[in-house]
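This report looks at one protein model, starting from its interior and working outward to the whole chain. Please view the structure before reading on.

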Amino acid sequence: MLNTKNSLLDIGFERREKVISGNILSELRVISDVIVKFGLMLRIVGLGNRSLRNSTVFTGNLVLKHPLFANVLQKVTPIAIEELGANCLVSEFKLVSSLNSNNFQMWWHRDFPFREDIDVRIDDKVALGMIIPLCDFNTHVGSTYMLPKSHKLTDFPADYRSGDFIGDGVQLESAMGDVWIYDPRTLHSGARNNSSKMRHIILIEFVLPEFSARENFKYQVERLPYVSDFLAGAKHLWSTHVPDLSRFGSNRGWEHTSYRFFFSAIMVLNIKVQKL
């Protein structure tokens, strides 16, 4: 069995146990269901989240949507500082929601700032990825595949360009509350969700300041509909962001609306759902 403790340098990813309370993540799972379903409804009329591909919905601007997302960010930031240093920035903070579908295909890739073939001029300690499942993470819900030691490969292996190739990939397994950290150079892919429910994970990437952010956190924090002492006191995480903006504040298309009624409606719906 593959050892995934203290294994970031060796195999490119590792599991940190019991980082976040299961109660917080259970509540966020309900909130995420509301956010994604409401976004898909708005999608019908051209608003909401239009980023739906490969049976997966990508949702950004999370700190605008609910204060518990900021709470999660606060709990995992010390891990990023431990690995990258105190000057690291939040580059991406998104919800990845997998629907049950027969049309899913493997999609092996590396994360920013690395492309398929690694530019050897980029130092190896410039970014850190995090996966925070909002459920027990296993084959049934379509947990992430990682290719061990692929962070040490300069060239992208040709076989892993196929939509149905697993090869030496290892599917992650963990309990809710555990957090996976990984080197963004490590090849990884989502997997088919075999359950009847949406499977949500929070995906975060931290980078060093010399790299531009993928998501505009300054835009989000300045428009928060709630007070966050953590975000107010952690300006180094977001205040220097100068990403290449789209008209709605994000350059990756994870979220295509910034309308106030969208966030207000989510808050109201969330309260009603919790009372059921």
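## The cavity

In this predicted model, the largest cavity has a volume of about 40 Å³. The structure holds one cavity of 30 Å³ or more.

Which residues line the largest cavity? The lining is made up of V63, L73, V90, F217, V221, L231, L237 and W238.

## The chain as a whole

The protein chain contains seven helices and 10 strands. It has 276 residues, and 55% of them count as buried. The surface that the chain exposes comes to about 12,700 Å², with carbon and sulfur atoms supplying 51% of it.

Contacts can also be sorted by how far apart the partners are along the chain. Among contacts in the protein chain with a separation of 6 or more, 84% are between residues 24 or more positions apart.

## A tilted ring pair

A search of the whole structure finds six aromatic pairs. One of them is formed by F13 and W180, whose ring centres are 6.4 Å apart. Why does this pair count as tilted? The planes of the two rings stand at 50 degrees, and tilted pairs are those that are neither under 30 degrees, which would be stacked, nor over 60, which would be edge-to-face.

This pair links distant parts of the chain. F13 belongs to strand 1 (residues 13-16) and W180 to strand 8 (residues 179-182), and the two are 167 residues apart. Are these two residues buried or exposed? F13 is buried, with a relative accessible area of 1%, and W180, at 3%, counts as buried as well. The cut-off for buried is under 20%.

## An edge-to-face pair and a cluster

W108 and Y160 form another pair, with ring centres 5.1 Å apart. Their planes are at 90 degrees, so the pair is edge-to-face. The two residues lie 52 residues apart, in distant parts of the chain. W108 is in the loop between strand 4 (89-98) and strand 5 (127-133), while Y160 is in the loop between strand 6 (145-146) and strand 7 (170-171).

W108 has a relative accessible area of 4% and is buried. Y160 is buried too, with a value of 8%. Both residues belong to a cluster in which ring pairs link W108, Y145, Y160 and F165.

## A charge over a ring

Where does the charged end of R185 sit? It sits over the ring of F114, 5.9 Å from the centre of that ring.

Terms used. Residues are numbered from 1 along each chain as its sequence is written. This is a predicted model: local features need pLDDT of at least 70, side-chain atom pairs count only at pLDDT 80 or more; totals for chains, interfaces and linings use all residues. Side-chain values use heavy atoms; hydrogens and water are left out. Helices (H or I, at least four residues) and strands (E, at least two) are DSSP runs, numbered from the N terminus. Buried means under 20% relative accessible area, exposed over 50%, partly exposed in between (1.4 Å probe, protein chains only). Contact means heavy atoms within 4.5 Å. Accessible areas come from the Shrake-Rupley method with a 1.4 Å probe; for residues, only the protein chains shown count as cover. Rings of Phe, Tyr and Trp (its six-membered ring) pair if their centres lie within 6.5 Å; planes under 30 degrees apart count as stacked, over 60 as edge-to-face and the rest as tilted. A charge sits over a ring if NZ of Lys or CZ of Arg is within 6 Å of the ring centre and within 35 degrees of the ring normal. On a 1 Å grid over the protein atoms alone, a cavity is a set of points where a 1.4 Å probe fits but cannot get out, and a pocket is an open set with protein on both sides within 12 Å along at least five of seven lines; lining residues have an atom within 4 Å of a point. Grid points are joined across faces, edges and corners, and a volume is the space filled by probe spheres set on the points.
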